[in-house]
Amino acid sequence: MLNVSTRTAALYDRVRRVIPPIEWPTFADDIEAILDLKRQRNAVILAHNYQTPEIFHCVADIVGDSLALARKAMTAEADVIVLAGVHFMAETAKLLNPQKTVLIPDLRAGCSLADSITAEDIRLLRQRYPGVSVVTYVNTSADVKAESDICCTSGNAKAVVESLGVPRVIMLPDEYLAQNIAAQTDVQIIAWKGRCEVHERFTPADIRQLREDHPGVTVLAHPECPPEVVAEADFSGSTAAMSDYVGRQKPPRVVLMTECSMSDNVAVEHPEVEFIRPCNLCPHMKRITLANIREALEQNRHVVTIAPEIAGRARLAVERMLAV
């Protein structure tokens, strides 16, 4: 009988450029078990672009940025959804699929942005700015979404802001995303002080050093980076937009100013492109592993629940975003 590494060799061929051969046997058993459990439970795995390649390319059924996952979750023909990402993403999947079981493999997979604001903060902001619409990044809890008029992602934030047809909005909670969108629109944006602990660490000096060390490199920056970093980059966009840029432009050498695993996942699809990898890890994304995805399916843990009085209002804010 073939051993598990041999049985999963076709999957390894997809990721051999980013996973050393010596590591594959440590992944193969969990991968094979997860694929079998998905069939048994009629389950799908949604994986964010920041997941590691063995998850992203070997067990996930739906991959992408937060907007893509939100959209595709609605059409997932499965009884069980496992969210390989952070908690607010699992909540969003549950909001859009209230009749399905949604699992998050590790309850500690949080987000510095989501932790930066509460529902009470929004209620106080509405008192301070009466009548001003609240646009809330999807990187927030269901409680916060429920207090909002509409949600947005880094990929559609400008379109969402301008869709409201108003002169001024409150945009929460990412301070840098709000500043970067404000530079692209005539709508006045009132920002909060939240920041992503991955993207806030990038600096213009980092980009200048990368250009010096790697002549001709194309620099792509996520809009959660500080505005001065975005200004130094050649292109700024969501993780989906950065991936599309690489596929469309085929730069000979590129650097993605975002979470580490993103480069590995895009590199699998574009072997002709050289990826320079500055590494800022998201500790929350890295809490998701093959082992706890397997355990989630085996033990039905951890089931995501949202109070009905919160879910209805939060779902409306997400659905308004998806309609834009």
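Modeller: Before we dig in, helices (H or I, at least four residues) and strands (E, at least two) are DSSP runs, numbered from the N terminus. This is a predicted model, where local features need pLDDT of at least 70 and side-chain atom pairs count only at pLDDT 80 or more, while totals for chains, interfaces and linings use all residues. Residues are numbered from 1 along each chain as its sequence is written, and side-chain values use heavy atoms, leaving out hydrogens and water.

Colleague: Cool. Where does Cys 282 lie?

Modeller: Look for strand β12, at 274–276, and then for helix α15, at 290–299. Cys 282 sits in the loop between β12 and α15.

Colleague: Which residues does the UniProt annotation "binding site" cover?

Modeller: That label comes from an unreviewed entry; its positions follow the numbering used here, feature names are shortened, and annotations may be inferred rather than shown by experiment. The residues it covers are Cys 111, Cys 196 and Cys 282.

Colleague: What is the largest C-alpha distance in that set?

Modeller: In sequence they're spread over 172 residues, yet they cluster in space. The largest C-alpha distance is 9.2 Å.

Colleague: And which of these residues does the lining of the largest cavity include?

Modeller: A cavity is a set of points, on a 1 Å grid over the protein atoms alone, where a 1.4 Å probe fits but cannot get out, and lining residues have an atom within 4 Å of a point. For the largest cavity, the lining includes Cys 111, Cys 196 and Cys 282.

Colleague: Is Cys 196 buried or exposed?

Modeller: Buried means under 20% relative accessible area, exposed over 50%, partly exposed in between (1.4 Å probe, protein chains only). Cys 196 has 11% relative accessibility, so the verdict is buried.

Colleague: Which residues is Cys 282 in contact with?

Modeller: Contact means heavy atoms within 4.5 Å. Setting aside neighbours within four places in sequence, Cys 282 has Val 198 and Glu 259.

Colleague: Over to the rings: why is the pair of Tyr 12 and Trp 24 called tilted?

Modeller: Rings of Phe, Tyr and Trp (its six-membered ring) pair if their centres lie within 6.5 Å; planes under 30 degrees apart count as stacked, over 60 as edge-to-face and the rest as tilted. Tyr 12 and Trp 24 have ring centres 5.0 Å apart, and the pair is tilted because the planes stand at 45°.

Colleague: Which residues form one aromatic cluster?

Modeller: Trp 24 also pairs edge-to-face with Phe 27, the ring centres being 6.5 Å apart and the planes at 80°. The cluster is made of Tyr 12, Trp 24 and Phe 27.

Methods:
1 Å grid on protein atoms, 1.4 Å probe; cavity = no way out; pocket = protein on both sides within 12 Å on 5 of 7 lines; lining within 4 Å.
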